[in-house]
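Visitor: I am new to this structure and would like a close look at a single part of it, taken slowly. Please explain each term as it comes up, and then lead on to whatever else can be described.

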Amino acid sequence: MTPSHRRVMALWIPDWPVHAHLAEHPEAGSPPGQPDAPVALLAARRVSACSAEARAAGVRVGLKEHEARFRCPDLRLRTHDPEVDARRFEPVLAALEALVPEVEAVRPGLCAVRARGPARYYSGEMQAAVAIREAIVELGFPGARVGVAEGRFAAEQAARSSADDPCVEAPAPGVRLVAAADTASFLGPLPIARAAGTELGDVLRGLGIHTLGSLAALPTAAVQDRFGRAGSIARRLAAGDDPADGPLIVPRERPQDFAAELAFEPPIDGADPLAFACSTTAERFVADLVGAGLICTEISVELTDDIGVRHERNWAHPKHFDGPDVLNRVRWQAEALPRDADRAGAGVAHVRITPIRTDRAAHHEPGLWSSDSDPRVHHVLSRVQSLVGHEGVVTAQLTGGRLLRDRRRWVPWGTRTPGAETRSRPPDHPWPGALPPPHPVSVFDPPVPAECLTADGTPVAMSEDGDALTHPPSRLRIPSAGVDDPVEAWSPPWPLHERWWAGTPPRFRLQLALRNGDAWLLLHQRGSWFAEGHYD
């Protein structure tokens with residue numbers, strides 16, 4: 001029998017934000033061969049997505065950060081970036097569009113297509129759903145599901161259903177079918193939040209309406225009068241009728257490919273000759289983006305040498321790329337290529353420049369009273385960088401760590417992509433014993449010797465059990481900084497334990513406020529005091 005024109009196939013990948021984050025930041029996951037660690041993503045200090053391992057430990061979407069940590073002490077909390085979700089979902093959409101036309105991207109992790117065309121081509125809805133799911137599984141998502149039902153909403157709920165749910169047929173792994181006649185019976189037992197959302201769902205539950213079937217049983221006019229358009233839409237979904245104010249499926253506009261490529265025969269050896277050869281390509285790359293009303297803030301440069309070895313790197317820009325900026329990145333990357341004395345004459349045979357992050361140019365137009373950074377600063381720094389090399393102009397970047405000097409890392413100007421050190425020491429990880437904000441403005445590397453004294457000149461030390469000072473501090477002396485002033489107030493000392501297996505001694509921190517208004521951060525180690533930072 002020919003499928004109804006209202007039949008829809010929905011492809012759903014559970015926990016997509018977590019998949020996208022781990023693909024973007026592999027260091028956030030577990031090393032190969034070890035069990036997957038529980039991961040949760042935060043938005044506004046609440047859990048917005050979590051992995052199956054986190055749910056098994058009791059973590060749920062909507063929990064506050066401290067409650068999630070309490071339920072799962074081993075939970076790895078990361079910041080949710082919706083842009084990563086959308087960008088990482090593009091390959092999935094492209095793979096699906098290679099099989100079926102007119103794909104609607106409902107949201108990252110969920111897309112829908114009309115079922116009639118694929119069912120005809122693959123000789124049935126089940127066969128089409130299996131083919132779609134297998135294509136996505138090959139991309140590395142074995143948990144992908146395909147639901148087929150009347151309307152997009154019902155198809156999404158079918159994809160999220162279990163094989164033993166009422167009115168659900170599961171002819172193959174990850175495939176769920178709901179017959180047209182069973183739509184109302186299938187949707188009826190589902191919780192009200194599936195159609196009404198969180199806010200309206202809370203109101204409806206307060207009125208005793210807990211399931212979609214209960215909402216669908218109410219008169220349409222009464223729901224419209226009581227809850228307005230949102231209630232009317234929720235009732236139509238609960239009854240199995242998608243809202244009639246738009247088409248059943250809205251196909252997405254396929255993104256234009258702005259990548260620029262250039263091949264060389266023979267290969268080019270040397271950064272300057274390569275940059276000269278790529279000058280026209282770089283200008284055309286930027287011109288194509290400008291022609292589409294876009295700017296690019298991050299690019300990928302891929303250099304392939306004459307034996308097929310690829311050297312790929314992402315480059316970010318503090319504002320947006322123009323032609324010379326793209327050309328500089330190609331030159332810097334070519335200068336960093338490894339040189340092998342046994343391969344005389346080797347060079348770059350292929351260059352590919354791909355935009356990673358783009359945005360509408362209108363979003364970056366200066367306002368009437370622009371508060372943006374002076375463009376002359378960027379011009380001068382970029383010019384100096386082109387003369388002295390990529391790492392000749394650097395800015396500070398915050399990394400993870402406990403000591404202040406360990407949290408500072410210098411990165412080349414215009415580079416936002418974290419380096420290996422930042423990825424191995426992410427600043428958003430918990431660092432027990434680390435200094436909470438506000439942080440000292442001046443940091444001493446290494447810390448300078450200091451003397452913490454009592455009123456009669458006796459040195460202040462740590463007690464034997466390491467939880468208190470032996471005497472109240474009365475005076476601070478830092479000879480190298482010319483400090484010799486009385487102490488007005490001080491904080492209780494707190495321990496700083498790390499890498500005891502490597503012989504690192506116990507350390508303690510102490511904050512002092514002097515009578516002249518200055519404040520200092522002291523570090524106690526091996527019986528001596530050191531000034532680690534100064535609060536300006």
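Guide: In this predicted model, helices α12 and α13 pack at an angle of about 145°, and their axes lie 8 Å apart. Helices (H or I, at least four residues) and strands (E, at least two) are DSSP runs numbered from the N terminus, while axes are lines fitted to C-alpha atoms, for helices over the stretch in contact, with angles running from 0 to 180 degrees between N-to-C directions. The crossing of α12 past α13 is right-handed, a term used if the near helix is turned clockwise from the far one by less than a right angle, and left-handed if anticlockwise.

Residues are numbered from 1 along each chain as its sequence is written. Because the model is predicted, local features need pLDDT of at least 70 and side-chain atom pairs count only at pLDDT 80 or more, while totals for chains, interfaces and linings use all residues; side-chain values use heavy atoms, with hydrogens and water left out.

From α12, the residues A271, D272, L274, A275, C278, S279, A282, E283, F285 and V286 take part in the contact (heavy atoms within 4.5 Å), and on the α13 side they meet G323, P324, V326, L327, V330, R331, A334 and E335. By class, the residues of this contact are twelve nonpolar, two polar and four charged, where Ala, Val, Leu, Ile, Met, Phe, Trp, Tyr, Cys and Pro count as nonpolar, Asp, Glu, Lys and Arg as charged, and the others, Gly among them, as polar.

Both helices also belong with a sheet. Its four strands form an open arrangement in the order β10-β13-β11-β12, with antiparallel pairing, two strands being paired if DSSP finds at least two bridges between them. At the edges stand β10 (260-268) and β12 (310-316), and since each has a single partner strand, one side of each is left without a neighbour in the sheet. From one strand to the next, the twist averages 20°. Strand β11 (residues 294-305) runs antiparallel to β13 (residues 348-360), and eleven bridges join the two; I295, for instance, stands opposite D359 in β13. Helix α12 (residues 271-291) packs on this sheet, where it touches β10, β11 and β13, and its direction makes about 170° with that of β10. Helix α13 (residues 323-335), for its part, lies across β11, β12 and β13 and runs at about 30° to β11.

One residue of the edge strand β12 is H311. Its C-alpha atom is separated by 9.7 Å from that of A336, which is 25 residues away along the chain. Once its neighbours within four places in sequence are set aside, H311 is in contact with V301, E302, L303, D305, Q333, L337 and P338.

Another sheet can be described in a similar way. Here six strands form an open sheet in the order β5-β6-β1-β7-β9-β8, and the pairing is mixed. The edge strands are β5 (104-107) and β8 (169-172), each with a single partner strand, so one side of each is left without a neighbour in the sheet. On average, and with direction ignored, neighbouring strands of this sheet are turned by 25° against each other. Within it, β1 and β6 pair in the antiparallel sense over five bridges, and the bridge partner of M9 is V113 in β6. Helix α6 (residues 125-137) lies across β1, β7 (145-150), β8 and β9 (175-177), running at about 25° to β1. Helix α7 (residues 152-160) packs on the sheet as well, touching β1, β5, β6, β7 and β9, with its direction at about 140° to that of β7.

M9 appears again in the lining of the largest cavity, together with A10, L11, L96, C111, A112, V113, I132 and V146. The elements giving two or more residues to this lining are β1 (7-12) and β6 (110-114), and the lining residues divide into nine nonpolar, no polar and no charged. A cavity is a set of points on a 1 Å grid over the protein atoms alone where a 1.4 Å probe fits but cannot get out, and lining residues have an atom within 4 Å of a point. The volume of this one is about 40 Å³, a volume being the space filled by probe spheres set on the points, which are joined across faces, edges and corners.

Note on methods
1 Å grid on protein atoms, 1.4 Å probe; cavity = no way out; pocket = protein on both sides within 12 Å on 5 of 7 lines; lining within 4 Å.
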